[in-house]
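Please look through the structure below, which is a predicted model, and follow how its helices and strands are arranged.

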Amino acid sequence: MSFLPFYIPQRKNLNIIIVGGGYAGVSALTTFSRYMPDANVTIVDPRTHHIKITHLHETFRYPLQDFMVPFSYLEKKFGCRHICTELFATENNIKKWNSDKFITIDEEKINFDYILIASGASKEKIKKRNNSLDLNSFLTTPGSELLNNILKENNKIEPTISVVGGGATGIQFLFEIAHFVKRKNINCNLQLINNNERVLGRFPASLSEYTENKMSDLNIKSYSNTYCQKQEKNIILLTSKEKNHEFELPSLLTLFFTGNNSENRLSANSFGQAVINNKTLRDIYIAGDCSNYNSLGSNTMTAQSAVRKGRLAACNILRDSSVLKIFEPYLHPDLGYVISLGPEDAVGWIAKENNVVDGTSALLLKEIVESQYDLLLATGMDTYIM
């Protein structure tokens, strides 16, 4: 068993429930396995697989299975139990769990010492039609298959595909589609609908400039300061923020990547413990995109922050069960971010936001970061530098 600072065990078999098997939940699981291998850990997640959701844009190149890890594998590897169902971590439910010290799933009463809520953030609600997709569409079907099926049904000579959202996810999907249709010799127009003045608006302007130049090289049209109202059959309805008028554009297919909903995040103190109505719930911890920590650490809804919050929350659960009860505050800053621009290009920053990397250097950095998570899944070893 590895050494954890400020942790002197009193018990070897804590009963822990992790609600959500995403990046934060799996990071917590590997942490428990490393420092308390005899803990009874139950993961509650409605899927059969842990999905590396930040890789879904790559399913235009690779099989979806490459980014899926069966929970049955995690059960064997880390000695946990997976229950395939969904728990809704509302404030009322959390307060009830905290009071009862158990949850009930399919008439089974599951006692716990601690619960870690890592269920992710809710998505912006979109009125979907048959010719529109969002990130959830790619959780079960690879991008190449989705796009091929739609194009097969199309009788237009040169269809237009729209991507709504100029953040990291929208940009990554946009470039993957551009390279996919180029490889397949598909005549297709691409357009980006972005409600900000520039793409990648929360990143340094130099990243936006590099990305927009690459979009121009691929003949991708861009509509900035523009809101998408809805997708109709073969058209998309838009509103210009500057001119305050509505207009429409051709669009056989529209992909919506409008981001996570940040309004309903759960509050936590600097140690990861849930705070409801100004009351700290000592046995309930929160991590990942669903959490907003009252601390100096990064609250960005990224895999990087989710992994770090999951690890810290798990460590503090163990410390709370120990003799000393000395907690570690969440102070992890954003150490960098890399956005894929297709299979052979990327752009991002490392260490400081003005330290921009692009091209081969950014691709190499991206591969290093991804290998860290693969190592965490394969061995439980935390080698994260970002």
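**A helix pair and a sheet**

Where helices α5 and α6 cross, the crossing is left-handed. The residues that make this contact are Ile171, Leu174 and Phe175 on the α5 side, and Thr211, Lys214 and Met215 on the α6 side. By residue class, the contact of α5 with α6 comprises 4 nonpolar residues, 1 polar residue and 1 charged residue.

The geometry of the pair can be described from the helix axes: α5, which spans residues 168–183, packs against α6, which spans residues 205–217, at an angle of about 25°, and the two axes lie 11 Å apart. Angles under 35 degrees count as roughly parallel, and α5 and α6 are therefore roughly parallel to each other.

Turning from the helices to the strands, one finds an open sheet formed by 5 strands, whose order is β9-β16-β10-β11-β12 and whose pairing is parallel. The edges of this sheet are occupied by β9 (132–134) and β12 (221–223), each of which pairs on one side only. Between neighbouring strands of the sheet there is a turn of 20° on average, with direction ignored.

Within this sheet, the pairing of β10 with β11 can be followed in closer detail: strand β10 covers residues 160–164 and strand β11 covers residues 189–193, and the two, which run parallel, are joined by 5 bridges. Which residue of β11 stands opposite valine 164? That position is taken by isoleucine 193.

How values were computed: Residues are numbered from 1 along each chain as its sequence is written. This is a predicted model: local features need pLDDT of at least 70, side-chain atom pairs count only at pLDDT 80 or more; totals for chains, interfaces and linings use all residues. Side-chain values use heavy atoms; hydrogens and water are left out. Two strands pair if DSSP finds at least two bridges between them. Helices (H or I, at least four residues) and strands (E, at least two) are DSSP runs, numbered from the N terminus. Axes are lines fitted to C-alpha atoms, for helices over the stretch in contact, and angles run from 0 to 180 degrees between N-to-C directions. Angles under 35 degrees count as roughly parallel, over 145 as roughly antiparallel, 65 to 115 as roughly perpendicular and the rest as oblique. A crossing is left-handed if the near helix is turned anticlockwise from the far one by less than a right angle, and right-handed if clockwise. Contact means heavy atoms within 4.5 Å. Ala, Val, Leu, Ile, Met, Phe, Trp, Tyr, Cys and Pro count as nonpolar, Asp, Glu, Lys and Arg as charged, and the others, Gly among them, as polar.
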